[in-house]
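Colleague: I have a model open and would like to learn how to read its packing and its empty spaces. Could you walk me through it?

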Amino acid sequence: MIGQSTVLAAEFPPSVEDFYLPSILPWGHESYWFTKITFLVWLSAALIILFFLVAYRKPKLVPTKKQWLAESAYGFVRNNIAVEMIGPKGVQFAPYLTTLFLFILLNNFWGIVPFVQISPNSHIAFPAFLAVISYFLFIIVGIRHHGFAKYFKTALIPPAPWFILPLLIPIEFFSNFMVRPFSLAVRLFANMFAGHMLLLVFTLGGFAMISTNAWFTPFSIVSWIMTIALTLLEFLVICLQAYVFTVLTASYVQGALADEH
């Protein structure tokens with residue numbers, strides 16, 4: 001019992017190193033290029049593609065359950081995010097926003113799947129990459145809609161007296177072109193990272209209390225009950241973060257299309 005307690009004490013609590021896993025391929029153990037997290041990202045992309053291919057393989061006027069589910073997912077993003085945030089022009093951005101929403105949602109969902117229990121978005125690289133895509137999207141949309149010079153003029157020079165502009169222009173640049181991608185990435189990453197760590201702490205905490213002292217055994221049950229409660233809460237966070245990331249991307253596109261920012 002003492003030896004087992006010593007091992008648990010050495011491994012508890014979980015550290016940030018849990019997010020830097022070794023390669024799951026035998027010939028790439030030290031390369032870290034194809035880890036469990038990378039596999040989950042590719043699996044998420046494959047599942048989304050396969051789902052829509054199967055759902056629309058033989059589309060019918062009266063939709064099947066799979067077709068109805070696919071149409072509902074697309075319709076939700078198109079009507080409640082794309083059109084609601086951008087306006088009629090939002091329809092052309094609905095495919096990207098739907099893909100973004102489902103991709104983030106599914107990758108977040110891995111964080112509460114038994115025996116997986118880690119979201120790729122709890123690793124900063126993946127939220128950062130998605131934020132960069134959205135970042136270039138709204139810049140390119142703004143340039144195509146207004147032209148290069150007019151877009152950056154309206155994005156950087158607010159309607160204000162000329163003597164305040166030397167102060168406002170750096171603020172506008174920092175806000176529009178640096179804070180937006182940073183906040184998109186960090187918000188998603190921080191929520192998924194924190195959720196994973198909390199679930200690990202309460203799950204392993206229950207085992208640690210059982211192994212160390214009999215007096216702590218009843219508290220291990222409380223720890224596991226907290227794990228279940230936090231899993232339900234994490235499910236809400238998973239859905240909310242996918243929605244927030246997609247809504248903010250749509251709002252940035254809407255700002256790029258607006259005549260005045």
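Colleague: What percentage of the residues of the protein count as buried?

Modeller: Happy to help, with a caution to start. This is a predicted model, in which local features need pLDDT of at least 70 and side-chain atom pairs count only at pLDDT 80 or more, while totals for chains, interfaces and linings use all residues. Residues are numbered from 1 along each chain as its sequence is written, and side-chain values use heavy atoms, with hydrogens and water left out. Buried means under 20% relative accessible area (1.4 Å probe, protein chains only). Of the 261 residues here, 38% count as buried.

Colleague: How many helices and strands are there?

Modeller: Both are DSSP runs numbered from the N terminus: helices are H or I with at least four residues, strands E with at least two. The protein has 8 helices and 0 strands.

Colleague: Which residues have the most contacts inside the largest nonpolar core?

Modeller: In soluble globular proteins, nonpolar side chains tend to be buried together. A nonpolar core is a set of buried Ala, Val, Leu, Ile, Met, Phe, Trp, Tyr and Cys residues joined through side-chain atoms within 4.5 Å. The largest one has 41 residues, and Leu 97, Phe 138 and Phe 245 have the most contacts inside it. Its largest share, 11 residues, comes from H8. Take Phe 245: setting aside neighbours within four places in sequence, its contacts (heavy atoms within 4.5 Å) include Leu 100, Ile 104, Pro 127 and Leu 188. A second, separate core of 6 residues includes Ile 37, Leu 40, Val 116 and Ile 118.

Colleague: Now the empty space. Which residues lie nearest the centre of the largest pocket?

Modeller: On a 1 Å grid over the protein atoms alone, a pocket is an open set of points with protein on both sides within 12 Å along at least five of seven lines, whereas in a cavity a 1.4 Å probe fits but cannot get out; lining residues have an atom within 4 Å of a point. Points are joined across faces, edges and corners, and volume is the space filled by probe spheres set on them. The largest pocket holds about 300 Å³. Of its 13 lining residues, Phe 51, Ala 73, Leu 102, Leu 105 and Leu 106 lie nearest the centre.

Colleague: And what is the volume of the largest cavity?

Modeller: About 40 Å³. Helix H7 (residues 165-212) gives the most to its lining, with 4 residues. Among the lining residues are Met 192, His 196 and Glu 234.

Definitions and conventions:
Buried < 20%, exposed > 50% of the residue type's maximum accessible area, 1.4 Å probe, protein only.
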